[in-house]
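Work through these exercises with the model open beside you. Try each task before you read its solution.

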Amino acid sequence: MFTVTVYSKPRCVQCDMTRKQLERLQIGYTTVDVTDNTTALEFITEDLGYSQAPVVVVDQDPQNHWSGFRPDQLKALARANASFATNHSNHSNHNDAAGVA
C-alpha cells in the first residue's frame, strides 16, 4: 500500500484539495508544514526544485513526486494502490494454499 508525504503551507487551496482527494481515494498521507520546517522547505525547493505547494512525494518511491493539485497523479496512485492490494492479496492466498498442501 502506498502512502505519501504532502509538503504544504497554511491557507493553501491546492494543498487542501490534495488532502481531500487523498482522503476520498483512501490513500494514507502525512502532512509537513514547510512554514514550520526549514529542512522540509529546503528539500522541496533545493533538492526537488519546486516553488509551489503542495509537493507530494510517494513514500515508497521517492523518485515519484509532483507539485500542485494533480488529480491525474492522485488517481494513478489510487489505481496502483488497488493493483498492489489485489496482487498482495492473491500472493498471500497463494502462499496460504501452498502451505496447507
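**Exercise 1. The sheet**

In what order do the four strands of the open sheet lie, and what is the pairing?

Solution. Note at the outset that this is a predicted model.

Step 1. Trace the strands across the sheet. The order is β2-β1-β3-β4, and the pairing is mixed.

Step 2. Find the edges. β2 (28–33) and β4 (65–67) each pair on one side only, as edge strands do.

Step 3. Look along the sheet for its twist. From one strand to the next, the twist averages 20 degrees.

Step 4. Take one pair of strands. β1 and β2 run parallel, joined by six bridges. Within this pair, T5 stands opposite T30 of β2. Y7 has V32 in β2 as its bridge partner.

Step 5. Check how covered β1 is. Five of its six residues are buried, so the strand is mostly covered.

**Exercise 2. Helices on the sheet**

Find the strands that helices α1 and α2 touch or lie across, and give each helix's angle to β1.

Solution.

Step 1. Start with α1, residues 13–24. This helix lies across β1, β2 and β3, and runs at about 165 degrees to β1.

Step 2. Turn to α2, residues 38–47. α2 packs on the sheet and touches β1, β2 and β3. Its direction makes about 100 degrees with that of β1.

Step 3. Inspect both ends of α2. At its start, a side-chain oxygen of N37 comes to within 3.2 Å of the backbone nitrogen of T39. Just after the helix, G49 has a positive phi of about 85 degrees.

**Exercise 3. The cores**

Which residues make up the largest nonpolar core, and which element gives the most to it?

Solution.

Step 1. List the members. This core has 11 residues: F2, V4, V6, L22, I27, V56, V58, W66, L74, L77 and A78.

Step 2. Assign them to elements. β1 (3–8), β3 (55–58) and α3 (71–100) each give two or more residues. α3 gives the most, with three.

Step 3. Follow one member outward. Beyond its neighbours within four places in sequence, A78 is in contact with L25 and I27.

Step 4. Look for another core. One of nine residues lies apart from the largest; A40, I44, Y50 and V57 are among its members.

Step 5. Compare distance in sequence with distance in space. A80, in helix α3, is 78 residues from F2 in sequence, yet their C-alpha atoms are 8.1 Å apart. A80 counts as partly exposed because its relative accessibility is 31%, between the limits of 20% and 50%.

**Exercise 4. The disulfide**

Find which cysteines form a disulfide, and decide whether they are buried or exposed.

Solution.

Step 1. Search the whole structure. There is one disulfide.

Step 2. Identify the pair. C12 and C15 are linked, with sulfur atoms 2.2 Å apart.

Step 3. Determine the hand. The angle about the S-S bond is 75 degrees, and the link is right-handed.

Step 4. Apply the cut-off for burial, under 20% relative accessible area. C12 has 7%, so it is buried. C15 has 0%, so C15 is buried too.

**Exercise 5. S67 and the loops**

Which backbone oxygen does the side chain of S67 reach? Then find a cis peptide bond and two residues with positive phi.

Solution.

Step 1. Locate S67 in strand β4. Its relative accessible area is 18%, under the 20% cut-off, so S67 is buried.

Step 2. Follow its side chain. This reaches the backbone oxygen of Q52 at 2.7 Å. Setting aside neighbours within four places in sequence, S67 is in contact with Y50, Q52, P54 and V55.

Step 3. Move to P54, in the loop between α2 and β3. A cis peptide bond joins A53 to P54, with omega about 0 degrees.

Step 4. Go to the loop between β1 and α1, where R11 is found. R11 is not a glycine, yet has a positive phi of about 55 degrees. R11 is exposed, because its relative accessible area is 81%.

Step 5. End at Q26, in the loop between α1 and β2. Its phi is positive too, near 55 degrees. At 65% relative accessibility, Q26 counts as exposed.

Technical notes: Residues numbered from 1 in each chain as written. Predicted model: local features only at pLDDT ≥ 70, side-chain atom pairs only at ≥ 80, totals over all residues. Heavy atoms only, no water. Core = buried A, V, L, I, M, F, W, Y, C linked by side-chain atoms within 4.5 Å. Buried < 20%, exposed > 50% of the residue type's maximum accessible area, 1.4 Å probe, protein only. Contact = heavy atoms within 4.5 Å. Pairing = 2+ DSSP bridges. Axes fitted to C-alpha atoms, helices over the stretch in contact; angles between N-to-C directions. Disulfide = S-S within 2.5 Å. Polar contact = N/O pair within 3.5 Å; in protein donor to acceptor, adjacent residues only side chain to side chain.
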